[in-house]
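User: Hey, I've got a protein model open and I'm a bit lost. Can we go through it together?

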Amino acid sequence: MSERAVSRIFDIFNVLLITFVVILCLMPFIHIIAVSLSSSRPIMAGLVSFFPRDFSFEAYAQVFSDMSMIRSLGFTIFLTILATALSMAMTIAVAFALSKKDLRGRKWFMLIIVITMFFSGGIIPDYILVRSLNLLDTVWALVLPGLISPFYMIILISFLNSIPKSLEEAAEIDGTTHLGTLFRIILPLSLPALATLSLFYAVGRWNGFQDALMYINNTNLYPLQLKLYQMIQNNQVSDLMQQEGLGMNKLMPESLKAASVVFTTLPILIVYPFLQRYFISGMMVGAVKG
């Protein structure tokens with residue numbers, strides 16, 4: 001068998017394997033969508049798999065008629081944009097400084113940052129710190145504690161180190177300041193890495209609920225994921241009380257829970273196609289140079 005034939009067989013095998021993995025990843029989401037578009041009777045009977053039964057938009061109508069969900073959606077979008085913008089600003093500032101080989105104490109700064117990736121104070125010290133700073137029940141409690149990710153910062157440093165230093169030297173000869181070099185040369189050349197890290201920060205903030213669970217009591221500041229968590233948690237409590245005969249039988253329909261999951265997941269999925277062309281190149285450069 002020729003080398004070309006072996007290569008073709010290997011390519012076909014890779015395509016089939018990747019297709020199989022993609023289908024496995026999509027199956028749970030397709031099932032959730034099918035459940036959200038089905039009525040309660042076939043769901044309770046276990047008849048819904050990957051296609052809706054007794055097609056119905058009733059669950060979505062209930063979700064969109066719930067003003068608390070709409071309010072949580074608006075707040076989550078605002079929170080995600082704010083957190084991503086501030087995180088990227090701080091990450092760029094720190095990464096640009098640490099990408100300079102002649103920076104005094106650079107190795108010590110890098111060592112301190114790497115240590116934070118493996119050791120942390122823990123949940124209780126974090127809560128005490130946020131409370132002592134009077135950040136409880138404020139949007140800043142969801143932004144400031146996780147403002148910079150050391151891992152993402154190291155990826156950006158690796159990307160910045162891949163940019164030819166001759167460009168910065170030429171800018172310095174022309175009298176450009178460090179900030180001018182950053183905004184006129186470095187950032188335009190770093191769009192793939194910046195788009196990739198922005199997506200990572202945005203997805204992490206969009207899916208986060210544990211910090212809101214600890215720091216937020218004001219219902220107007222509930223992000224979508226915390227709202228969804230409480231809906232499912234309250235339904236489990238109702239189910240338990242019903243089983244124990246306590247007379248509480250108001251259970252959330254499975255279709256409504258599925259519609260809520262789709263409602264909280266779909267917005268962040270819509271963002272990905274717009275950043276896809278930057279995503280692969282940004283990750284590849286960070287991986288090779290790291």
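User: Let's start with Thr264. Is it buried or exposed?

Analyst: Thr264 is buried, with a relative accessible area of 1%. The cut-off for calling a residue buried is under 20%, so 1% puts Thr264 in that group. Keep in mind that this is a predicted model.

User: Okay, and where does Thr264 sit in the chain?

Analyst: Thr264 is part of helix α13, which covers residues 254-289.

User: What does Thr264 touch?

Analyst: Leaving out residues up to four places away in sequence, Thr264 touches Trp206, Leu224, Gln225 and Leu228. The side chain of Thr264 also reaches the backbone oxygen of Val261, at 2.9 Å.

User: Let me zoom out for a sec. How many helices and strands are there?

Analyst: The chain has 13 helices and zero strands. If you read along the sequence, the pattern is simply α-α-α-α-α-α-α-α-α-α-α-α-α.

User: Ha, easy to remember. What share of the chain is buried?

Analyst: Buried residues make up 35% of the 290 residues. The accessible surface of the chain comes to about 18,000 Å², and 68% of that belongs to carbon and sulfur atoms.

User: And what about contacts between residues that are far along the sequence from each other? What percentage join residues at least 24 apart?

Analyst: Take the contacts between residues at least 6 apart in sequence: 69% of them join residues at least 24 apart.

User: Can you show me an example of two residues like that?

Analyst: Try Met153 in helix α7. Met153 and Ala93 are 60 residues apart in sequence, yet their C-alpha atoms are 9.7 Å apart in space. If you set aside neighbours within four places in sequence, Met153 is in contact with Thr91, Val94, Ala95, Leu98 and Ile113.

User: Why does Met153 count as buried?

Analyst: Because its relative accessible area is 2%, and the limit for buried is under 20%.

User: Got another pair for me?

Analyst: Sure, look at Met231 in helix α12. Met231 and Leu256 are 25 residues apart in sequence and 10.0 Å apart in space, C-alpha to C-alpha. Met231 counts as buried too, at 14% relative accessibility.

User: What about residues in loops? Where is Thr219?

Analyst: Thr219 is in the loop between α11 (210-215) and α12 (224-243). At 45% relative accessibility, Thr219 counts as partly exposed. From Thr219 to Ser72 there are 147 residues in sequence, but 8.8 Å in space, C-alpha to C-alpha.

User: New topic: how do helices α8 and α9 cross?

Analyst: Helix α8 (residues 165-173) and helix α9 (residues 178-189) have axes that come within 10 Å and cross at roughly 145 degrees. The crossing of α8 past α9 is right-handed.

User: Which residues meet there?

Analyst: From α8 you have Leu167, Glu168, Ala171 and Glu172, and they meet His178, Thr181, Ile185, Ile186 and Leu189 from α9. Sorted by type, the residues of this contact are five nonpolar, two polar and two charged.

User: Let me pick Thr181 from that list. Buried or exposed?

Analyst: Thr181 is buried, with a relative accessible area of 3%. Its place is in helix α9, and it touches Glu168, Ala171, Thr176 and Ile186, not counting residues up to four places away in sequence.

User: Last thing. What's going on with phi at Asn134?

Analyst: Phi of Asn134 is near 60 degrees, which is a positive value in a residue other than glycine. Asn134 lies in the loop between α6 (123-132) and α7 (150-162). Asn134 is exposed, with a relative accessible area of 65%.

User: And what is phi at Asp137?

Analyst: Phi of Asp137 is near 60 degrees, again a positive value in a residue other than glycine. Asp137 also lies in the loop between α6 and α7.

User: Why is Asp137 called partly exposed, then?

Analyst: Because Asp137 has 31% relative accessibility. Buried means under 20% and exposed means over 50%, so a value in between is partly exposed.

User: Cool, that helps. Thanks!

Methods
Residues are numbered from 1 along each chain as its sequence is written. This is a predicted model: local features need pLDDT of at least 70, side-chain atom pairs count only at pLDDT 80 or more; totals for chains, interfaces and linings use all residues. Side-chain values use heavy atoms; hydrogens and water are left out. Helices (H or I, at least four residues) and strands (E, at least two) are DSSP runs, numbered from the N terminus. Buried means under 20% relative accessible area, exposed over 50%, partly exposed in between (1.4 Å probe, protein chains only). A polar contact is a pair of N or O atoms within 3.5 Å; within protein, one must be able to donate a hydrogen and the other to accept it, and residues adjacent in sequence count only if both atoms are side-chain atoms. Contact means heavy atoms within 4.5 Å. Axes are lines fitted to C-alpha atoms, for helices over the stretch in contact, and angles run from 0 to 180 degrees between N-to-C directions. A crossing is left-handed if the near helix is turned anticlockwise from the far one by less than a right angle, and right-handed if clockwise. Ala, Val, Leu, Ile, Met, Phe, Trp, Tyr, Cys and Pro count as nonpolar, Asp, Glu, Lys and Arg as charged, and the others, Gly among them, as polar. Accessible areas come from the Shrake-Rupley method with a 1.4 Å probe; for residues, only the protein chains shown count as cover.
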